[in-house]
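Trainee: I would like to go through this structure and ask how each label is earned.
Mentor: Good. Bring the model up and we can start.

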Amino acid sequence: MFGYHSNYLRIDVTTGETRRVALDALTLRAYVGGSGLGVKLLLDESAAEVDPLSPEAALAFVFSPLVGSPLTTSAKFAVVSKSPLTKRINDSLASSSFAIAGKKTGHDALLIVGRAPEPSLLLIDDRRAWLQPARDLWGLTNEKAQARLRETLGPEFQFATIGPAGERQVRYATISHDGRHAGRGGSGAVLGSKNIKAIAVRGSQHCEWAEPTALAQLAKALSEKSLGPATAKYRELGTASNLLVFNRLKVLPTRNFQQGSFPNVEALSPEQLGVGREQTRTSCAACTIGCEHLYSLGNKKSGTTAKVRLEYENLFALGPLCGIDDPETVLAASRLCDELGLDTISAGGTIAFAMECAERGYIDAPWLRFGDRPALLRALEEIATGTNLGNRLAQGSRRLAQKIGHDTIAFAPQVKGLEIPGYDPRGLQTMALGFAVGARGADHNRSGAYEVDFSEAVDRRNVGPEAALLAVETEDKAAIMDSLILCKFLRGVFVDYFGESAEMLRLVTGWDVNADELRNTAQRIVDAKKEFNIRAGWTPAEDTLPERMLSQPLLDDAKAQLSPERLQTLVEAYNLARGWTRDGFLEED
Amino acid sequence: MLIQVELFGIPRARAGVEKTTASGDCLGDVLADLATRFPDLAETCIEDRHLRTGYTANLCGERFVTDPETTLREGDLLLLLNLDAGG
């Protein structure tokens, strides 16, 4: 079969047993790869019904038909499991050479179950997989563990690792590869629960493309388009440039979502961050956009060499959300999260929530205050080292609120347990809907509904049910992008997204796939995630927002206000637009 | 009529200013005025009284506008920004 190896490798790390499981063309065409195929594999494993940190839980690294092709931004992989943070489906994506090397092992996915008897390294070298003791790696940061592995195994292997946070099963621990993270939902904790510190992959198995010449031509044209104005923002400024725009529109979550703007925001802007710091740009393997902007930690005088990748999400979560206006602190906190293997959004969200609880007297931690720079860094360290408070913060804001009581759950910044990204839902109400119904919780990657709010299609602070179909459209596009897999920063270059995606898939696989089929595929993937969640215990009451966001306007924008009734109307319109029952269950057929 | 303009992201980088004023009674006129005064901004972001693909405008922080015939009023504030808000 073109584009695929037509199998996945199932590895039981309790016994070391490996089994190659066939994947038929119907399944691959129905779920494509990446997130879509991952959800299908997990449903087949009955993964929804088990504790995500138990040995029975499954964790899948899933590649896609486009990996290894000349198409720009296609070097990506999805990590799919039940989330220990939300107890719902979790699909987190990461990029670069691990995807290419992983697929070259001759498998479309690597599915891990069991628990290794001791801290271990999982090696997959072509079609052979085995475990090695890795006590010497346990405790190392991501960067040090990957450097050690590179030194030991050589440059032909690529590595995915967990940091100390994953080892300790912090519920929002990441899996890291070459400075990038499968970040959200705690897949690092799942790997840590299996006693796997690292996975090393190397291979020599290549896939054939159905129409290689036409594919090369299309890839060339796509690369040229990827250098145009639609990606200029990412290339020249990076996602951090959102900060000033969001602040100006008063949708920048500040001090645990109490405000939508931050007084000293200019100090954190990319323009100011570059002053007196070395700034470099890099890209994932097989990418022509080059969106990654790295800033030196410390100033030029200090002679430091540490570089920190800075994205909007870590900037907002470790900056304004915690009331921090010092760029050096935000950079240090981002680096700490990278090293320890912590999701920056959940870490920042949980700490911001704890800061508010401490200020209100619900947590006995007088040092933990909004705007306190050392406090942010101390809190991150405590999460990873496991102090009394750190252990509570490691559970995420929802569990922390449940532990504290006093109705603090009303201002815990989460949906289904996943901390809310940097888009205030009151000022971006189509995004509010996207967050509420998101299969993995508050999610700006699986729903791009903010695009609707940033358009003439709706009044972003007074959105009606007509926004539901538009929200569905952005979710469907994301479902296909995350299954093909292509980078979302490319989305602006497509004129006919589904049609052009279908053409890519056709040239890779030879299937006569068209735009309508891909739209149906998107719905199937979203349905599969819903099915997973229903099996895991989902109820309609979960599709909501924290009470604060449904009862209080933003302090600095009185027009930015939602109500439970308005959100419920939007959710019902969304469910009906999806073809589900009004309260969000799949129809019997 | 003079309109206040704030620029963000690529529009700011191309114009080299954070704020400026521009004259015109509608969005298209204001964009044409900006294009005349800021050639680098025009080359990337403005084409024939329209914003190019990838860019948008917001009026007074209230609503997004792209139609060049959108009427502007004295005291209006126009924000020019990248269309793509995500990341």
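**Labels and their reasons**

Mentor: Start in chain B, where B:N58 stands opposite B:L79 in β7(B). Keep in mind that this is a predicted model.

Trainee: How do you know that β5 and β7 of chain B pair, and in which sense do they run?
Mentor: Pairing needs at least two bridges. Strand β5 (residues 55-59) of chain B and strand β7 (residues 77-82) of chain B have 5 bridges, so they pair. They run antiparallel.

Trainee: What makes β2 and β6 of chain B edge strands?
Mentor: Each of them pairs on one side only. The open sheet has 5 strands in the order β2-β1-β7-β5-β6 (chain B), and its pairing is mixed. On average, neighbouring strands are turned by 35° against each other, direction ignored.

Trainee: Which strands does helix α2 of chain B touch?
Mentor: Helix α2 (residues 27-37) of chain B packs on the sheet and touches β1 (2-7), β2, β5, β6 and β7 of chain B. Its direction makes about 120° with that of β2(B).

Trainee: Now chain A. What makes β7 and β8 of chain A a hairpin?
Mentor: Take the pairing to begin with. Strand β7 (residues 120-125) of chain A and strand β8 (residues 128-133) of chain A share 6 bridges in the antiparallel sense. The cut-off is at least two, so they count as paired. A:D125 stands opposite A:R128 in β8(A). There are 2 residues between the strands, and A:D126 in the turn has a positive phi of about 55°.

Trainee: Why is A:K250 called buried?
Mentor: Buried takes 20 or more other C-beta atoms within 10 Å. A:K250 has 21, so it qualifies. Phi of A:K250 is near 60°, a positive value in a residue other than glycine. A:K250 lies in the loop between α9 and α10 (270-273) of chain A.

Trainee: And A:D407, buried or exposed?
Mentor: Exposed means 12 or fewer such neighbours. A:D407 has 10 C-beta neighbours inside 10 Å, so it counts as exposed. A:D407 has a positive phi of about 60° although it is not a glycine. Its loop runs between α16 (397-404) and β16 (414-415) of chain A.

Trainee: Where is the cis peptide bond?
Mentor: It joins A:L484 and A:I485, with omega about -10°. A:I485 sits in the loop between α19 (467-484) and α20 of chain A.

Trainee: How do α7 and α20 of chain A pack?
Mentor: Helix α7 (residues 212-225) and helix α20 (residues 497-509) of chain A pack at about 145°, with their axes 8 Å apart. The crossing is left-handed. The contact uses A:A214, A:L215 and A:L218 of α7(A) and A:E503, A:M504, A:L507 and A:V508 of α20(A). Those residues divide into 6 nonpolar, no polar and 1 charged.

Trainee: Why does the radius of gyration of chain A agree with a compact globule?
Mentor: For 589 residues the globule value is near 25 Å, and chain A has 22 Å, so the two agree. The C-alpha trace of chain A spans about 60 × 55 × 45 Å along its principal axes. Buried residues make up 61% of chain A.

Trainee: Last, how many residues does each chain give to the contact between A and B?
Mentor: Chain A gives 25 residues and chain B gives 23. On the chain A side, α8 (232-237), α9 (242-248) and α18 (450-453) each give two or more. That side divides into 10 nonpolar, 7 polar and 8 charged residues.

How values were computed: Residues numbered from 1 in each chain as written. Chains lettered and ligands numbered in written order. Predicted model: local features only at pLDDT ≥ 70, side-chain atom pairs only at ≥ 80, totals over all residues. Contact = placed C-beta atoms within 7 Å. Helix = DSSP H or I, 4+ residues; strand = E, 2+ residues; numbered from the N terminus. Nonpolar A, V, L, I, M, F, W, Y, C, P; charged D, E, K, R; others polar. Axes fitted to C-alpha atoms, helices over the stretch in contact; angles between N-to-C directions. Left-handed = near helix turned anticlockwise from the far one by under 90°. Rg over C-alpha atoms; globule rule 2.2 N^0.38 Å.
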